[in-house]
Amino acid sequence: MSRRIGTLEVGVYAASMLFLNALMIVPAAFRQIILPEITVRYATQRERAFDVYTQSARALLIVTLLLSASLTVNADQIVPIVYRDHFSSAIPVLQILIWSFVFTTLLVPGGRLMLAAGRQAMFVPLLIGSLSLNVVLNLWLQPSLGAIGAAVARVSSSALMLALSFMCVQRIIYRWHVMPVLIGPLVATLTMIAVNVGLRWVGVQWIVALGISWLVYAGLIVILRAVSAAELRRLRDLLLQRIAPLTPP
């Protein structure tokens, strides 16, 4: 990468990756929690395994959209805090790169379901397709766009991987209606972005604007019934059940 776009652009990309790497603890932790549950349920109560899959996807969608949208809108304030006014050119890169967090995290439930169903071999062509797109886009975009081109390549390849894996799960393992799940969080996210941007435009301090927009997001998630109280309780019980053995007495 440094030979094609220079060490400065590499540093800008690395500065943006710091935020993404910090957030990647979410899918890593969730992967360890959800795999045993889906594996056990798939062998004994298959419908329950499918419930865990859909509820996990719904919860992760709500959380990742919230975090990614918040960072996108407020990157101009957050990046200078971390780097003390250095790497300002990392702001637009982060605003693009952060959306790979959504796609990568949403891979977790489907990937765990594929493993439980013994369909892990399907991942090989999916990975090849995703990596191929990443390489092609990097070769095409990096010379003209630098770190922004690398960010676009990563987000695009992550989105392709998610789309392909979702189609495989839908066709081979379990089909479910995803549009009703998407509409509520997407409407809440767009509204939250509009509120955050609008409040900052009229002069509200960014952290206050962010807090208000989070309240709007939470309210819309409830109003639009993007997730039910029963689903939240079941997911909470599952997380507590899996975390309990890791907690020291």
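The protein chain in this predicted model has 11 helices and zero strands. Reading along the sequence therefore gives nothing but one helix symbol after another, α-α-α-α-α-α-α-α-α-α-α. Of the 249 residues in the chain, 43% are buried. As for how the chain contacts itself, take the contacts with a separation of 6 or more: 80% of them come from residues 24 or more positions apart.

Two helix pairs are worth a look, and both involve α4. Two packed helices are described by the angle between their axes and the distance between the axes. For α3 and α4, the axes come within 7 Å and cross at roughly 160 degrees. That is over 145 degrees, so α3 counts as roughly antiparallel to α4. The crossing of this pair is left-handed. On the α3 side, the contact is made by Val26, Phe30, Ile34, Glu37, Ile38, Arg41, Tyr42 and Thr44. Their partners in α4 are Arg46, Arg48, Ala49, Phe50, Val52, Tyr53, Ser56 and Leu60. Sorted by class, this contact comes out as 10 nonpolar, two polar and four charged residues.

The other pair brings together α4, which spans residues 46-83, and α9, which spans residues 179-201. Here the axes sit 10 Å apart, at an angle of about 20 degrees. With that angle under 35 degrees, α4 and α9 are therefore roughly parallel to each other. Their crossing is right-handed. From α4, the residues involved are Arg58, Leu61, Ile62, Leu65, Leu66, Ala69, Ser70, Val73, Asn74, Asp76 and Gln77. They meet a set in α9 made up of Val181, Leu182, Pro185, Leu186, Thr189, Met192, Ile193, Asn196, Val197 and Arg200. The class breakdown for this contact is 13 nonpolar, five polar and three charged residues.

Next come the nonpolar cores. The largest of them has 38 residues, and those with the most contacts inside it are Leu113, Met114, Ile173, Tyr217 and Ile221. Two or more residues each are supplied by α3 (25-44), α4, α6 (99-116), α7 (123-145), α8 (147-173), α9 and α10 (206-223). Helix α4 turns up again here, giving the largest share of this core with 11 residues. Ile221 shows what such a core residue touches: leaving aside neighbours within four places in sequence, Ile221 is in contact with Ile62, Pro185, Ala188, Ala226 and Val227. Two of these partners are familiar from the packing of α4 against α9, where Ile62 sits on the α4 side and Pro185 on the α9 side. There is also a second, separate core of 24 residues, which includes Tyr13, Ile78, Ala90 and Val93.

Finally, a couple of positions in α8 give some local detail. Ser157 lies in this helix and has a relative accessible area of 5%, which is under 20%, so Ser157 counts as buried. Not counting residues up to four places away in sequence, Ser157 touches Ser130, Leu133 and Asn134. Met167 is in α8 too, but with a relative accessible area of 46% this residue is partly exposed. Along the chain, Met167 and Gly110 are 57 residues apart, while their C-alpha atoms are separated by 9.9 Å.

Notes
Residues are numbered from 1 along each chain as its sequence is written. This is a predicted model: local features need pLDDT of at least 70, side-chain atom pairs count only at pLDDT 80 or more; totals for chains, interfaces and linings use all residues. Side-chain values use heavy atoms; hydrogens and water are left out. Axes are lines fitted to C-alpha atoms, for helices over the stretch in contact, and angles run from 0 to 180 degrees between N-to-C directions. Helices (H or I, at least four residues) and strands (E, at least two) are DSSP runs, numbered from the N terminus. Angles under 35 degrees count as roughly parallel, over 145 as roughly antiparallel, 65 to 115 as roughly perpendicular and the rest as oblique. A crossing is left-handed if the near helix is turned anticlockwise from the far one by less than a right angle, and right-handed if clockwise. Contact means heavy atoms within 4.5 Å. Ala, Val, Leu, Ile, Met, Phe, Trp, Tyr, Cys and Pro count as nonpolar, Asp, Glu, Lys and Arg as charged, and the others, Gly among them, as polar. A nonpolar core is a set of buried Ala, Val, Leu, Ile, Met, Phe, Trp, Tyr and Cys residues joined through side-chain atoms within 4.5 Å. Buried means under 20% relative accessible area, exposed over 50%, partly exposed in between (1.4 Å probe, protein chains only).
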